[in-house]
Amino acid sequence: MSKIENPVLKEVLETSIYILAVLLISLFIVTFIGQRTVVDGSSMYPTLEDKDNLIVDKISYRFKAPERFDIIVLKYDKRVYYVKRIIGMPGETVQIAEDGKILINGEVLEENYGYEVIDSDHRGRAAEPVVLGEDEYFVMGDNRNRSSDSRYPDVGNIQKKNILGKAWVRIYPFNKFGFVKHGNDGE
């Protein structure tokens, strides 16, 4: 192999290889490990707010199943992602009672993430029992009366393949920088 004698050509070649390596590593990280997403709207208030910037952990769910109360990012359609909390797990039956309580398999779900009690006119399709398939999750926003989520047919039950990942770190606004707390994090 011949040695490159021209210092300018050598510098261009080294810089090109460096840029290519950085691009390939970045592509790998965004595709398989993590990605930034921005919260759009108030459906997760007060946990997350409009314009919060998050880093999504895309690798955890390759090794373990999502858990109840995880805050996830899911594909709604090709260009839209939703940030929601997992309420119902595969194989369970979810229903919202007239008093706004969430029932899982007929038992009241003990949780305190809802910003307010669910109004009877916001029970959606969960006014009747919703049976989840073996690969389906029922998700809701924390701002229960202002969230488009699994209670409504346009979102419906979420299949695992449509879960992009778990909300991991809030990176903006800077005064709220930190890990996103999930139900299984000791809350």
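**Close-ups of strand β11 and a nonpolar patch**

**View 1. Strands β11 and β12 make a hairpin, with five residues sitting between them.** What you're looking at is a predicted model. The two strands run antiparallel and are paired over two bridges. To find one of these contacts, start at Val169 and look across to β12, where its bridge partner is Phe179. Strand β12 is just residues 178–179, while β11 covers residues 163–172.

**View 2. Strand β11 also pairs with β2, again in the antiparallel sense.** Here five bridges link β11 to β2, which spans residues 53–57. A handy spot to zoom in on is Val56, which stands opposite Ala167 in β11.

**View 3. Strand β3 is joined to β11 as well, through three bridges.** Look for β3 at residues 71–75; it and β11 run antiparallel. Pick out Val73 and you'll find its bridge partner in β11, Gly165.

**View 4. Strand β11 is mostly covered.** Of its 10 residues, seven are buried. As a bit of background for browsing the side chains, those in a regular strand alternate between the two faces of the sheet.

**View 5. Six residues make a nonpolar patch on the surface.** They are Ile25, Phe28, Ile29, Ile33, Ile59 and Phe63, and the patch comes to about 580 Å². Ile25 belongs to helix α1, which runs over residues 7–33. Is Ile25 buried or exposed? It counts as exposed because its relative accessibility is 52%, and the cut-off for exposed is over 50%.

How values were computed: Residues are numbered from 1 along each chain as its sequence is written. This is a predicted model: local features need pLDDT of at least 70, side-chain atom pairs count only at pLDDT 80 or more; totals for chains, interfaces and linings use all residues. Side-chain values use heavy atoms; hydrogens and water are left out. Buried means under 20% relative accessible area, exposed over 50%, partly exposed in between (1.4 Å probe, protein chains only). Helices (H or I, at least four residues) and strands (E, at least two) are DSSP runs, numbered from the N terminus. Two strands pair if DSSP finds at least two bridges between them. Patches are made of residues with over 30% relative accessible area and no salt bridge: like charges are joined within 9 Å, nonpolar side chains (Val, Leu, Ile, Met, Phe, Trp, Tyr) within 5 Å. Accessible areas come from the Shrake-Rupley method with a 1.4 Å probe; for residues, only the protein chains shown count as cover. A salt bridge is a side-chain nitrogen of Lys or Arg within 4 Å of a carboxyl oxygen of Asp or Glu.
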